[in-house]
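Here is a short briefing on one structure. Look over the sequence and the model first, then read the points below.

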Amino acid sequence: MYMGYCYLCEKDSTETYFSYFCSKCRRIKHLINLYEDDVYDTLECVLVRDKKQQEHKIKTMEKTKPSIIKTRSQKKDIVDEVD
């Protein structure tokens, strides 16, 4: 039986033929109904970043990002070449 796509995420299929949301989005809808504006405020504070915050995050990620990642086998090959 064909079930439609979720009205919110538009990716997952709905739980039943007559429902509008997938299970994840139904949970989000429940949280919005329960906490109202707190959900929106939390999403804005945690997930949405302004330009200054984006630049800071990029700089932080560049500092922590290793330049070259080597696996154990690659390290072993280097040691073998030296011997």
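Rings of Phe, Tyr and Trp (its six-membered ring) count as a pair if their centres lie within 6.5 Å; planes over 60 degrees apart make the pair edge-to-face. With that rule, a search of the whole structure finds two aromatic pairs. The model is predicted. The same kind of search returns one salt bridge, and the disulfide count is zero.

**Aromatic pairs**

- Tyr7 and Tyr20 form an edge-to-face pair, at 4.8 Å centre to centre and 65° between the planes.
- Both partners sit in the segment before helix H1 (23–35), so this pair ties together parts that are 13 residues apart in sequence.
- Tyr7 counts as exposed, at 58% relative accessibility.
- Tyr20 is partly exposed, with a relative accessible area of 48%.
- Tyr17 and Phe18 have ring centres 5.0 Å apart and planes at 90°, so this pair is edge-to-face.
- Tyr17 is partly exposed at 47% relative accessibility, whereas Phe18 is exposed at 73%.

**Cysteines**

- How far from Cys6 is the nearest cysteine sulfur? The sulfur of Cys25 is 3.5 Å away, and Cys6 is in no disulfide.
- A disulfide needs two cysteine sulfur atoms within 2.5 Å, so a pair at a greater distance does not count.
- Cys25 is likewise in no disulfide, its nearest cysteine sulfur being that of Cys6.
- Cys6 is buried, with a relative accessible area of 2%.
- Cys25 is buried too, with a relative accessible area of 6%.

**Salt bridge**

- Which residue forms a salt bridge with Glu15? The partner is Arg26, and the closest N and O atoms are 2.8 Å apart.
- Glu15 lies in the segment before H1 and Arg26 in helix H1, so the contact ties together parts 11 residues apart in sequence.
- Glu15 is partly exposed, with a relative accessible area of 37%.
- Arg26 also counts as partly exposed, at 46% relative accessibility.

**Helices**

- H1 has 13 residues and should span 18 Å at 1.5 Å a residue; its end C-alpha atoms are 18 Å apart, which agrees.
- The expected span uses one less than the number of residues, so the 13 residues of H1 are not simply multiplied by 1.5 Å.
- Just after H1, Glu36 takes a positive phi of about 50°.
- Helix H3 covers residues 51–64. Its 14 residues should span 20 Å, and the end C-alpha atoms are 20 Å apart, in agreement.
- Is H3 covered or uncovered? H3 is hardly covered: the count of buried residues among its 14 residues is zero.

**Nonpolar surface patch**

- Leu43, Val46, Leu47 and Val48 make a nonpolar surface patch of about 370 Å².
- One of these residues, Val46, is found in helix H2, which runs over residues 37–46.
- Val46 counts as exposed, at 54% relative accessibility. The cut-off for exposed is over 50%, so Val46 passes.

Note on methods
Residues are numbered from 1 along each chain as its sequence is written. This is a predicted model: local features need pLDDT of at least 70, side-chain atom pairs count only at pLDDT 80 or more; totals for chains, interfaces and linings use all residues. Side-chain values use heavy atoms; hydrogens and water are left out. Patches are made of residues with over 30% relative accessible area and no salt bridge: like charges are joined within 9 Å, nonpolar side chains (Val, Leu, Ile, Met, Phe, Trp, Tyr) within 5 Å. Accessible areas come from the Shrake-Rupley method with a 1.4 Å probe; for residues, only the protein chains shown count as cover. A salt bridge is a side-chain nitrogen of Lys or Arg within 4 Å of a carboxyl oxygen of Asp or Glu. Helices (H or I, at least four residues) and strands (E, at least two) are DSSP runs, numbered from the N terminus. Buried means under 20% relative accessible area, exposed over 50%, partly exposed in between (1.4 Å probe, protein chains only). Rings of Phe, Tyr and Trp (its six-membered ring) pair if their centres lie within 6.5 Å; planes under 30 degrees apart count as stacked, over 60 as edge-to-face and the rest as tilted.
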